[in-house]
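Me: I should like to understand the terms used to describe a structure of this kind. Please set each value against its definition.

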Amino acid sequence: MHQVKSYAKINLFLYVTERAPSGYHELLMLMSCIELHDKLTVEFDQSEITVICDHPDVPENESNLVFKAVSIFFSSLTCKTGYLNRQGIRVTIEKNIPVGAGLGGGSSNAAAVLKVMNHYYGQPFSPQELMTIAFKIGADIPFFIDARTSIVKGFGEQICPIGALSDLPESILLFYPGVAASTAEVYKNLDLGLTKQIKFNINSLLKTSGNNKMSDIDGIMHNDLEISACALYPEIGQFRKELIESVPQKIMMTGSGSTFFALFDDYIKAKHCYEALAKRWNKTGKRVFMTSFVV
Ligand SMILES: C[C@](O)(CO)[C@H](O)COP(=O)(O)OP(=O)(O)OC[C@H]1O[C@@H](n2ccc(N)nc2=O)[C@H](O)[C@@H]1O
Ligand SMILES: Nc1ncnc2c1ncn2[C@@H]1O[C@H](COP(=O)(O)OP(=O)(O)OP(=O)(O)O)[C@@H](O)[C@H]1O
């Protein structure tokens with residue numbers, strides 16, 4: 001039995017640069033894993049593929065991203081070795097990451113399973129090969145294979161780790177409005193005329209050799225999908241307004257929403273904000289989480 005943590009991510013910036021003829025969007029993003037995580041238990045040598053999760057919004061059938069990851073891993077293994085692998089596997093997901101929240105929960109689960117399987121079967125795939133397999137399941141999954149703070153380009157498949165950021169904030173607060181956002185719908189609703197022109201040169205701003213500071217990205221933290229998500233889901237737009245009035249820090253949406261986050265240099269300030277909102281939102285669907293970057 002293998003137990004692994006499957007971390008959530010936040011997008012520290014997310015710029016949409018183009019819409020491709022396929023309908024997919026070219027992106028320039030900075031992504032980091034945060035301590036909030038699901039717990040996965042993986043059991044090998046089973047008679048079939050089984051996914052178990054007691055969260056009401058997470059399917060336990062073939063549409064679960066974990067199920068897709070297991071299937072594609074076995075078929076890729078068969079292609080590579082010529083040996084038909086008929087083994088099953090059972091994955092139990094303990095969900096702590098809100099679902100449909102822009103925190104990449106399902107994508108992280110899928111990547112975690114791909115990595116555990118690759119380890120169990122003797123590393124048949126290089127990390128690069130595993131990322132290629134991952135991208136066939138979902139755009140966010142390749143990032144989680146390496147899971148280090150990275151500039152992510154293309155549709156999500158070009159990953160450039162930039163090393164750990166220094167001067168990291170003490171705490172991150174996540175604010176979940178109690179409603180999920182559909183990634184496909186948020187992209188579809190995006191007005192490219194409202195996206196921000198990129199006025200910085202990523203190569204001169206952030207070094208892939210490391211030594212990057214949090215302050216280097218302070219001024220360019222932005223999410224082009226925020227306007228679309230707020231317009232598409234009035235509850236999310238309303239929630240954003242509530243946060244602007246209640247949170248002293250700059251707030252920003254992660255991914256395609258629905259979660260917002262704020263970075264705090266001061267732990268006590270973060271704790272006060274966390275406690276006030278946890279009390280106000282008690283017995284509502286809204287939730288606040290206190291977390292930090294994975295270092
Ligand atoms: C918003 C982000 O989370 C930012 O990290 C990702 O871009 C979305 O990644 P994801 O949830 O893994 O997305 P997928 O499950 O691959 O795609 C869901 C839908 O989002 C849209 N999509 C996704 C990625 C991308 N670069 N352009 C898109 O337009 C497509 O309509 C697609 O059908
Ligand atoms: N293992 C899984 N965990 C969570 N959701 C899953 C999983 N497998 C499939 N799903 C489905 O995927 C959808 C999106 O879930 P997820 O929590 O990954 O969204 P997200 O965090 O917004 O993703 P992203 O930030 O990558 O767009 C939900 O409708 C959910 O039912």
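Me: What makes the pair formed by Asn11 and ligand 1 a polar contact?
Reply: A polar side-chain atom of Asn11 lies 3.1 Å from an oxygen atom of ligand 1. A polar contact is a pair of N or O atoms within 3.5 Å (within protein, one must be able to donate a hydrogen and the other to accept it, and residues adjacent in sequence count only if both atoms are side-chain atoms), so this pair qualifies. Ligand 1 also has an oxygen atom 2.8 Å from a backbone N or O atom of Ala139, and a nitrogen atom 3.1 Å from such a backbone atom of Phe155. Of the area that ligand 1 has accessible on its own, 640 Å², the protein covers 81%; such areas come from the Shrake-Rupley method with a 1.4 Å probe, and for residues only the protein chains shown count as cover.

Me: On what basis are these statements made?
Reply: This is a predicted model, in which local features need pLDDT of at least 70 and side-chain atom pairs count only at pLDDT 80 or more, while totals for chains, interfaces and linings use all residues. Side-chain values use heavy atoms, without hydrogens and water; residues are numbered from 1 along each chain as its sequence is written, and chains are lettered from A and ligands numbered from 1 in the order in which they are written.

Me: Which residues come nearest to ligand 1?
Reply: Among the 19 residues around ligand 1, the nearest are His25, Ala139, Asp140, Phe155 and Tyr187. A residue counts as near if one of its heavy atoms lies within 4 Å.

Me: Which residues come nearest to ligand 2?
Reply: Ligand 2 has 23 residues around it, of which Asp57, Gly104, Gly106, Asp140 and Thr183 come nearest.

Me: How do you know that Asn64 and Lys9 make polar contacts with ligand 2?
Reply: A nitrogen atom of ligand 2 is 3.0 Å from an N or O atom in the side chain of Asn64. For Lys9, a side-chain N or O atom is 3.4 Å from an oxygen atom of ligand 2. Both pairs therefore fall under the definition of a polar contact.

Me: Why is the protein called as compact as a globular protein of its length?
Reply: The globule rule is 2.2 Å times the number of residues to the power 0.38, and the radius of gyration is taken over C-alpha atoms. For 295 residues the rule gives 19 Å, and the protein has a radius of gyration of 19 Å, so the protein is as compact as a globular protein of that length. Along its principal axes the C-alpha trace spans about 60 × 45 × 35 Å.
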